[in-house]
Amino acid sequence: MATDELAFAELLHRLRKNAGRTQEEQAAAINTVSGRDTMTRREINRYEQGKNIPTNHTLAHIAVACGLSPEHLQREAAVARARRRTSARREGEDQDDVKRRTLLEGAVVGAASAAEPWERLTHALSKGRKIDSNAAASLVDRASALHVSEGHLTALELQGEVEGHLDAITAVLPRAGEHERALTIAGGETAALAGWVAWDLGDHPRAHSYYKVAMECAEAAVHPPLRALALAYASYGAATPEKAAELLVQAAKDVRGPGNAAASAWVYGRLAEEAASAGDDTNALRALDRARFAYDFADHTVEQAWVRFVTPYRMDSLALSVYGQLGRQELAETADHAVDRLGSELPESGVVVLGDLASALLRGGDLDQGVDVARQFAAAAEARPNTMGRVRAQAVASQLPTKERELARHLQLFAA
């Protein structure tokens, strides 16, 4: 059997395994998407053995079930079919071969296609037909899960999954029917996360394009909290604290009302950070008070899909950042409270939280605990490198005591 046929069969096998399904469960998932009870475990097995290659119609259902763009699987299937027709091997390795190998290695799925993902989503917003309720719910749930994944995957690891899911939503949006609004919101949330990932990887123009289409989704669905998400993410890349504050003030208006308490807390916490960075003590403290008040009424586990990261630990981190920048006496007490809250969860609390906590402890004079947390922060930041972690690495390095030169040097190299 030709190499490309085996590669495509292996791709289908890996997609199923990555979804955590048995062959029977994969067949059921595909039937849910198609709305027909025609796929069987036996047929899945034949696909994964390379005995059959699915039709493009079936591939579209497989792609949605696995959170991918249909175009990717259809392109790979076309190559496998061509290899089946002829055993002649090409000289060298073209770009399609590189893309196939990358897919099989699991590095990036859905990152390359004929048009950019945000452009396809923009185009799909103008369509509208019918999709199965279970398939729509599956796509919405997947969008929520990706926002949770952001807590433990690197930007590079997350990029392919996010862009692949954006393609999957885009593929079904033209026939969304009664689910159009829910899928448009899920698409916008996924686009906003893709923008955040792009920014984290240093691709700011790409990030801007994703934020723009996320706001288009918010407008199409008449869902202001989605625009708030895009604005708040975009605030991290603003040229000045004042520019960031402008975006966050608008975002705060978009998360007024019931069901948005966690989102409101995060937006006001970010506004407090930017005001503190600009040296505006009064507005920084006022915004932080509003953030904490909102969080008293929040439940980050059941509100907007994208607020899952607004944990009590993240709120502690925002307070530490604000008090540290302003040199407030509340810093030490807040740091002690954060340590008590984290307890044994400290190593898993996230790069940003650890960085802010280490900086606060060192600035507040608790050097032993500060150095201990700084070491944990260094390990977490290296395991999951990101832009926010590098910024905090520089701040922590500058506050370490002289005897910790090696740790400071390590953090400075990481920051650079």
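## An aromatic cluster and a one-sided helix

The charged end of Arg-270 sits over the ring of Tyr-236, at 3.8 Å from the centre of that ring. This contact belongs to a predicted model, and Tyr-236 is in turn one of the residues that ring pairs link into a cluster, together with Trp-196, Trp-199, Tyr-211, Tyr-233, Trp-266, Trp-306 and Phe-309.

The setting for this cluster is a protein whose secondary structure comes to 21 helices and zero strands. Of its 416 residues, 53% are buried, and the accessible surface comes to about 19000 Å², with 49% of that area belonging to carbon and sulfur atoms. Among contacts between residues at least 6 apart in sequence, 67% join residues at least 24 apart.

A pair of aromatic rings is described by the distance of the centres and the angle of the planes. The structure holds nine aromatic pairs. One of them, formed by Trp-196 and Tyr-233, is stacked, with 5.0 Å from centre to centre and 20° between the planes. This pair links distant parts of the chain, since Trp-196 lies in helix 10 (residues 180–200) and Tyr-233 in helix 12 (residues 224–235), 37 residues apart. Trp-196 counts as buried because its relative accessibility is 7%, and Tyr-233 counts as buried because its relative accessibility is 4%.

The rings of Trp-266 and Trp-306 are arranged in another way: their planes stand at 65° and their centres are 5.9 Å apart, so the pair is edge-to-face. Because Trp-266 lies in helix 14 (residues 261–277) while Trp-306 lies in the loop between helix 15 (281–295) and helix 16 (312–326), the pair ties together parts that are 40 residues apart in sequence. Both Trp-266 and Trp-306 are buried.

Helix 21 (residues 405–415) offers a view of how burial can be distributed around a helix, with Leu-407, Ala-408, Leu-411 and Phe-414 buried. These four residues lie on the same side of helix 21, because they cover an arc of only 125° around the axis. As background to this pattern, an α-helix has 3.6 residues a turn, so residues three or four places apart point the same way. The buried residues of helix 21 pack against helix 19 (367–383) and helix 20 (387–399), whereas the face turned away from the buried side carries the exposed residues Arg-405, Glu-406 and Leu-413.

Definitions and conventions
Residues are numbered from 1 along each chain as its sequence is written. This is a predicted model: local features need pLDDT of at least 70, side-chain atom pairs count only at pLDDT 80 or more; totals for chains, interfaces and linings use all residues. Side-chain values use heavy atoms; hydrogens and water are left out. Rings of Phe, Tyr and Trp (its six-membered ring) pair if their centres lie within 6.5 Å; planes under 30 degrees apart count as stacked, over 60 as edge-to-face and the rest as tilted. Helices (H or I, at least four residues) and strands (E, at least two) are DSSP runs, numbered from the N terminus. Buried means under 20% relative accessible area, exposed over 50%, partly exposed in between (1.4 Å probe, protein chains only). A charge sits over a ring if NZ of Lys or CZ of Arg is within 6 Å of the ring centre and within 35 degrees of the ring normal. Contact means heavy atoms within 4.5 Å. Accessible areas come from the Shrake-Rupley method with a 1.4 Å probe; for residues, only the protein chains shown count as cover. The arc is that of the directions from the helix axis to the C-beta atoms.
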